[in-house]
Amino acid sequence: MHTRTTGSRIEGFYKLQRNQRLTTLAQNAGLEDHDVTELLNPTPLAFEVADHMIENAIGVLGLPLGVGLNFLINGRERLVPMAVEEPSVVAAASSAARLIREAGGFFAEADAPLMIGQIQLVGVTALDAASEDLHAAAPRLLAAANAVHPNMLRRGAGARKIEVRPLPDTACGPMLIVHLIVDVGDAMGANAVNSMTEIVSPMIEEITGGEARLRILSNLADQRLARATARIPFHLLKTERFDGPEVAQRMMEAWAFAAADPYRATTHNKGVMNGIDAVALATGQDWRGIEAGAHAYAARHGRYAPLSEWRVDKGVLLGSIELPLAVGTVGGNLECNPRVNFGLRMLGVRAARDLAAVMAAVGLAQNFAAMRALVTDGIQRGHMALHARGLAVAAGAPDSMAEQVVEGLLACGEIKLSKAREIVASIRAAA
Ligand code: MEV
């Protein structure tokens with residue numbers, strides 16, 4: 001089959017056989033033969049490796065790995081690895097990215113990779129005086145933290161700043177919380193930050209007269225935010241039933257609903273995280289940390305709110321998103337998992353900031369796709385088409401017949417395996 005491809009825009013990719021998809025990807029993403037061989041390996045992760053990663057390992061878990069197509073981010077083509085079980089996620093992200101690339105694509109960026117390590121102090125008698133003493137001792141504390149990670153320092157990263165958060169009125173009396181702000185470079189940073197907080201806490205106890213309790217990073221990585229924006233002229237929003245300005249108006253109403261109602265904001269953000277988590281999984285990130293940080297950030301003003309914003313201005317729909325994204329492109333976990341390694345290479349990211357920026361753009365694309373479907377056809381139409389495709393395959397339809405079976409299922413409205421089997425049997429009988 002002939003395919004027209006430029007960068008991440010690959011026409012009819014989903015219709016190709018698996019080996020044709022891999023060849024096309026190899027050409028477009030500059031992958032090597034061993035990447036393709038690796039993907040064809042039926043074991044995604046050797047059990048021996050899994051056995052060293054966690055306790056009580058009994059196997060490895062499979063999950064579909066797909067490619068988000070059509071992404072143009074900061075003028076650069078990106079093929080986005082996505083691991084997810086929900087049928088519509090990859091298709092929706094790719095179709096949103098296709099529309100948005102016609103409007104110039106996404107613009108995305110991420111802050112320097114600053115993580116927060118927290119040290120909890122109890123028994124500090126004068127919180128204000130202790131805070132002042134800590135600020136005065138900051139250079140000494142930072143030097144001690146950096147002394148345990150000379151490699152970080154050599155790479156231009158390391159402990160940067162001391163911040164103090166007095167909590168005068170907790171359920172267990174006053175506490176002083178010290179934040180150690182660490183530039184973690186291209187790592188997610190949990191290990192470095194946790195070990196630094198442990199190293200400096202005896203000094204902090206001495207300075208404040210308090211006793212250190214918890215010493216651990218915060219997943220509310222709000223000094224490590226990523227952002228993405230898209231500007232979509234109304235004419236690109238047109239559907240069969242609605243003209244562009246009407247779709248834009250409906251999108252605004254959908255966003256206003258999420259901004260006013262945490263019940264809706266939660267589902268709105270779930271849609272955002274459909275994309276972000278899929279990339280997080282495919283690139284080996286700590287997705288629980290990302291989830292925790294995203295939802296805490298969404299509630300930062302005292303009420304849970306949407307992570308994205310949509311508004312209209314002079315014939316253009318403007319979308320933006322901002323959230324903490326503590327992600328890494330280096331670290332043992334990433335290096336020992338060949339598929340994760342492949343995902344990072346296909347995406348072409350080296351720096352953690354670049355990965356975070358791409359993930360923010362994917363979250364915005366996913367949110368756009370969900371909202372556009374919800375305000376026009378409703379979400380079920382697209383879902384049902386994909387579900388029908390799955391049923392056609394389950395009913396034994398070969399590739400050459402699948403499309404016909406899907407059409408038959410959608411036309412009769414009975415999206416069931418028994419109906420798919422009936423249609424397959426009748427096509428075979430007619431042939
Ligand atoms: C489903 O996985 C995600 C959506 O519910 C998101 C949304 O409602 O915005 C469609």
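## A tour from the ligand outward

Begin by selecting Lys-270, where a polar side-chain atom lies 2.7 Å from an oxygen atom of the ligand. Keep in mind throughout that this is a predicted model. With the ligand still in view, add Arg-264, which places a polar side-chain atom 2.8 Å from a ligand oxygen atom, and then Glu-86, whose side chain has an N or O atom 2.6 Å from an oxygen atom of the ligand. To complete the surroundings of the ligand, extend the selection to the other residues around it, namely Thr-267, His-268, Gly-271, Asn-274, Ala-370, Leu-374 and Ile-379.

From this group, keep His-268 selected and follow its side chain to that of Ser-308, since the two are joined by a polar contact of 2.7 Å. Ser-308 belongs to strand E11, which covers residues 308-313, and it counts as buried because its relative accessibility is 3%, under the 20% cut-off. If you display the contacts of Ser-308, leaving aside residues up to four places away in sequence, you will find Trp-255, His-268, Ser-320, Ile-321, Leu-364 and Asn-367.

Next, move to Lys-314, which sits in the loop between E11 and strand E12 (316-324). Is Lys-314 buried or exposed? Its relative accessibility is 76%, so it counts as exposed. The backbone deserves a look here as well, for Lys-314 has a positive phi of about 45 degrees although it is not a glycine. Most residues other than glycine have a negative phi. A second residue to select on this account is Asn-70, again not a glycine, with a positive phi of about 75 degrees. Asn-70 is part of strand E3, residues 65-73, and is buried, with a relative accessible area of 4%.

Now select Ala-187, in the loop that runs between strand E8 (173-183) and helix H8 (190-208). With a relative accessible area of 21%, Ala-187 is partly exposed. Measure from its C-alpha to that of Ala-326, and you should find 8.6 Å in space for a pair that is 139 residues apart in sequence. Beyond residues up to four places away in sequence, Ala-187 touches Arg-224, Val-327, Gly-328 and Val-330.

Two of these contacts, Arg-224 and Val-327, lead to the next stop, as both of them line the largest cavity. A search of the whole structure finds 1 cavity of 30 Å³ or more, and the largest cavity holds about 40 Å³ of space. To show the rest of its lining, add Ala-110, Asp-111, Pro-113, Leu-225, Leu-325, Ala-352, Arg-353 and Ala-356. Helix H14 (residues 352-375) supplies the largest share of that lining, with 3 residues, and by class the lining has 7 nonpolar and 3 charged residues but no polar ones.

Val-330, another contact of Ala-187, points to the last stop, because it is among the residues that line the second largest pocket, a set defined by having an atom within 4 Å of a pocket point. This pocket has a volume of about 260 Å³. Its lining can be displayed by selecting Thr-329, Val-330, Leu-334, Glu-335, Asn-341, Leu-344, Arg-345, Gly-348, Val-349 and Arg-350. Helix H12 (332-335) and helix H13 (338-347) are the elements that each give two or more residues to it, with H13 giving the most, 3 residues. Colour the lining by class to finish, and 4 nonpolar, 3 polar and 3 charged residues should appear.

Terms used. Residues are numbered from 1 along each chain as its sequence is written. This is a predicted model: local features need pLDDT of at least 70, side-chain atom pairs count only at pLDDT 80 or more; totals for chains, interfaces and linings use all residues. Side-chain values use heavy atoms; hydrogens and water are left out. On a 1 Å grid over the protein atoms alone, a cavity is a set of points where a 1.4 Å probe fits but cannot get out, and a pocket is an open set with protein on both sides within 12 Å along at least five of seven lines; lining residues have an atom within 4 Å of a point. Grid points are joined across faces, edges and corners, and a volume is the space filled by probe spheres set on the points. Helices (H or I, at least four residues) and strands (E, at least two) are DSSP runs, numbered from the N terminus. Ala, Val, Leu, Ile, Met, Phe, Trp, Tyr, Cys and Pro count as nonpolar, Asp, Glu, Lys and Arg as charged, and the others, Gly among them, as polar. Buried means under 20% relative accessible area, exposed over 50%, partly exposed in between (1.4 Å probe, protein chains only). A polar contact is a pair of N or O atoms within 3.5 Å; within protein, one must be able to donate a hydrogen and the other to accept it, and residues adjacent in sequence count only if both atoms are side-chain atoms. Contact means heavy atoms within 4.5 Å. A residue is near a molecule or strand if one of its heavy atoms lies within 4 Å of it.
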